[in-house]
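Visitor: Could you take me through the sheet and the internal cavities of this protein, step by step?

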Amino acid sequence: MKRLFIGLGVTVLLTAAIVAALIIASRDVATEIQTDDNSAPEQVRIACVGDSITEGYGATGYPGYLQSLVGADVQVENFGVSGSEAMTTGRFPYTTTSDYSDSLAADAGVVVLMLGSNDAIDSAFNARDFRSAYDALVQRYLALDHPPKLLLCIPIAPYGLAAEDYGFDTAIIGEIRESITAVASDHGLPVLDLYTPTDGQGSWYQSDGVHPNDTGAEAIAGIIYQKLQEEQYID
């Protein structure tokens, strides 16, 4: 009889141990599921595509200041290439650069596109070629497996007599502005006019009247940041 009680006691103890183990395991699974549900959201990436105005020339490019504004939850990447143009028939097409390829592979959620300044001083400028090349560039980003949200920017204004030494032509600048606006309309994309708010802002420029200084780059970043928020591209 004693053996019977001992056997029953062992059985009860084993059963209790198994139940306790199952309870602990279920709690661990619940904790793991809860942890997954509360995991941090994937970081938003902004690809800044453009020329020296984007890359930075003699000063920090605006993407560096934009990063400070958007905070750690958003990653801003600078894909600017000095001297590059939108026109594929130009002296230095942006589409021939490694930064262009890298921007396509970046899996960015947002692309800020600002090209046209070097096209405006290219002696071979042709409005039809510019619009066609610019449109093709936009379509290339839209054709990605995970197409980003695009913000098309009309380039900043050149400043003063120094800018004239580069060969800027008011009529050509006008054609570039019209082309970018038309491409944006064709694809239902927002366009940001950076020409108007920078026109006449001498304190925002370096001595060449073309490239922003740090004050100008910071101001440009602020304007872009505000537009990104208005379009709900970022929180």
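The exchange below concerns a predicted model.

Visitor: In what order do the five strands of the open sheet lie?

Guide: The sheet is open and its pairing is parallel. Its edges are strand S2 (74-80) and strand S5 (191-193), each of which pairs on one side only, and the twist from one strand to the next averages 20 degrees. Read across the sheet, the order is S2-S1-S3-S4-S5.

Visitor: Which residue of S5 stands opposite Ile 154?

Guide: Strand S4 (residues 149-154) and S5 run parallel and are joined by three bridges. Ile 154 belongs to the stretch that makes up S4, and the residue of S5 that stands opposite Ile 154 is Asp 193.

Visitor: What angle does the direction of H7 make with that of S4?

Guide: Helix H5 (residues 127-142) lies across strand S1 (44-50), strand S3 (110-114) and S4, and runs at about 160 degrees to S4. H7 also packs on the sheet, where it touches S4 and S5, and its direction makes with that of S4 an angle of about 160 degrees.

Visitor: Which helix gives the largest share of the lining of the largest cavity?

Guide: The structure holds four cavities of 30 Å³ or more, and the largest has a volume of about 80 Å³. Its lining includes Ile 154, Phe 168, Ile 173, Ile 176, Arg 177 and Tyr 195, and the lining residues divide into nine nonpolar, two polar and one charged. The largest share, three residues, comes from the helix spanning residues 170-187, namely H7.

Technical notes: Residues numbered from 1 in each chain as written. Predicted model: local features only at pLDDT ≥ 70, side-chain atom pairs only at ≥ 80, totals over all residues. Heavy atoms only, no water. 1 Å grid on protein atoms, 1.4 Å probe; cavity = no way out; pocket = protein on both sides within 12 Å on 5 of 7 lines; lining within 4 Å. Points joined across faces, edges and corners; volume = space filled by probe spheres on them. Helix = DSSP H or I, 4+ residues; strand = E, 2+ residues; numbered from the N terminus. Nonpolar A, V, L, I, M, F, W, Y, C, P; charged D, E, K, R; others polar. Pairing = 2+ DSSP bridges. Axes fitted to C-alpha atoms, helices over the stretch in contact; angles between N-to-C directions. Contact = heavy atoms within 4.5 Å.
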